[in-house]
Amino acid sequence: MSENNYPIGTQGTPWHDKDKQCWFNQQTIKRSYQSQVVTLINQLDNDFEVEQYGALSFDPTRYPLFIIKSKQWASNKPSILITGGVHGYETSGVHGALHFMKTLGMKYTKEFNLLVAPCISPWGYETINRWNPAAIDPNRSFYSPSPAPESAALINYIKAQNIPLLAHIDLHETTDTDNSEFRPALAARDGKVNTNWNIPDGFYLVADSNKPEPQFQKAIIDTVTKVTQIAPSDENNQLIGVPLEQHGVINYAARELGLCMGFTDAQYVTTTEVYPDSPTATEELCITAQVAAIKGALDHLLTK
């Protein structure tokens, strides 16, 4: 797609408030955060601390924000942050974080302090959206002051804990709707011409170009390879328009772009990307790939 035919706004003109309201009015609830996510979070409270760190002012009762923490917290253990659902529509990020805690979390609390925010954007989860209700992308808003309440809540919580983080693993997906809906909407919102990217068929990682830690990324790729395919690069040796750094890995300037993986001072950071629309993918396989990514990251850190 080389031009913007999005049905909201005037081509070439950034959205006004009425355009954003029009977009918001078209959004509908498609699934339940409370029953599909909060219920699973609460099932973990025997083994972990479940703490509410905020709520979306859009609807505080419906959208409380939770973090899951190690009960066996110790200052001599390295601390790891795992995040999911920054983009609410990226389902395996949410359920991958929860499934990891359910199946492997206790094992790794012996060596690490774990902090897991499984669903940062619950309204986005319910409406299957990349943006929040104000048409803001939370994963371009991890800076202070943040325009996205979802991002601000986590930034403020982590800052208040005053905990040095060794690693941050942020769980995402790249979907066909990136090209069919979200990139055209972004271009329309910003009054720009849309140019879609090739959707990678498989798993890949986005590392921080300011601290790429290539061996850390490779360890994750090697572990995920055992459960699903790694996305091949395109004819230009790129993924989503970015040159390949190594097999299955590209680099972004995380902090400059306001990405979730860039807001802490953790040495080891990565963003996972799963492709749920692949002919070979299933919901279970995507969740399994996210769990494998976390496992590969933590197992590598145990060797340091």
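This passage describes a helix, the enclosed and open spaces, some backbone features and two buried residues of a predicted model.

Helix α5 is a good place to begin. This helix covers residues 149-161, 13 residues in all, and spans 18 Å from its first C-alpha to its last, close to the 18 Å expected at 1.5 Å a residue. Its buried residues are E150, S151, A152, A153, L154, I155, Y157 and I158. The elements that cover these buried residues include five strands: β1 (48-55), β2 (64-70), β3 (79-84), β4 (113-117) and β5 (165-173). In an α-helix there are 3.6 residues a turn, so residues three or four places apart point the same way. L154 and I158 are both in the buried set of α5, and L154 is also one of the residues touched by T83, a residue of strand β3. Just after the helix, N162 takes a positive phi of about 55°.

T83 gives a closer view of that strand. At 0% relative accessibility, T83 counts as buried, because the cut-off for burial is under 20%. Leaving aside residues up to four places away in sequence, T83 touches A117, I120, L154, H168, I169, D170, L171 and C260. With H168 there is also a polar contact between side chains, at 2.8 Å.

The stretch ahead of α5 holds two backbone features worth a look. Most residues other than glycine have a negative phi, and most peptide bonds are trans. In the loop between α4 (122-127) and α5 lies P145, and the peptide bond joining S144 and P145 is cis, with omega about -5°. A135 lies in the loop between α4 and α5 as well. Although A135 is not a glycine, its phi is positive, at about 60°. A135 is buried, with a relative accessible area of 2%. Elsewhere, N237 is found in the loop between α7 (214-224) and β7 (238-239). The phi of N237 is near 60°, again a positive value in a residue other than glycine. N237 counts as partly exposed at 41% relative accessibility, whereas A135 is buried.

Turning to the spaces inside the model, a search of the whole structure finds two cavities of 30 Å³ or more. The largest cavity holds about 190 Å³ of space. Its lining is made up of 19 residues, and R130, N139, R140, Y252 and E273 lie nearest its centre. Strands β5, β6 (204-208) and β10 (268-274) each supply at least two residues of this lining. By class, the lining of the largest cavity comprises eight nonpolar, five polar and six charged residues. Strand β5 thus appears in two settings: among the elements covering the buried residues of α5 and in the lining of the largest cavity.

The second largest cavity contains about 100 Å³ of space. Here 13 residues form the lining, with G202, F203, T228, Y275 and A281 nearest the centre. Helix α8 (residues 283-302) provides the largest share of that lining, three residues. Seven of the lining residues are nonpolar, five are polar and one is charged.

A289 is found in helix α8. This alanine is buried, with a relative accessible area of 1%. Apart from residues up to four places away in sequence, A289 touches F203, V224, V227, T228 and V274. Two of these partners, F203 and T228, are also among the residues nearest the centre of the second largest cavity. K77 is 212 residues from A289 along the chain, and the C-alpha atoms of A289 and K77 are separated by 26 Å.

The open spaces can be described in the same way. The largest pocket has about 380 Å³ of space. Its lining consists of 17 residues, of which R130, D137, R140, L186 and R189 lie nearest the centre. Helix α6 (residues 177-190) gives the most to this lining, with six residues. The pocket lining has nine nonpolar, one polar and seven charged residues. R130 and R140 recur in these descriptions: both are listed nearest the centre of the largest pocket, and both are listed nearest the centre of the largest cavity.

Key: Residues numbered from 1 in each chain as written. Predicted model: local features only at pLDDT ≥ 70, side-chain atom pairs only at ≥ 80, totals over all residues. Heavy atoms only, no water. Helix = DSSP H or I, 4+ residues; strand = E, 2+ residues; numbered from the N terminus. Expected span 1.5 Å × (residues − 1). Buried < 20%, exposed > 50% of the residue type's maximum accessible area, 1.4 Å probe, protein only. Contact = heavy atoms within 4.5 Å. 1 Å grid on protein atoms, 1.4 Å probe; cavity = no way out; pocket = protein on both sides within 12 Å on 5 of 7 lines; lining within 4 Å. Points joined across faces, edges and corners; volume = space filled by probe spheres on them. Nonpolar A, V, L, I, M, F, W, Y, C, P; charged D, E, K, R; others polar. Polar contact = N/O pair within 3.5 Å; in protein donor to acceptor, adjacent residues only side chain to side chain.
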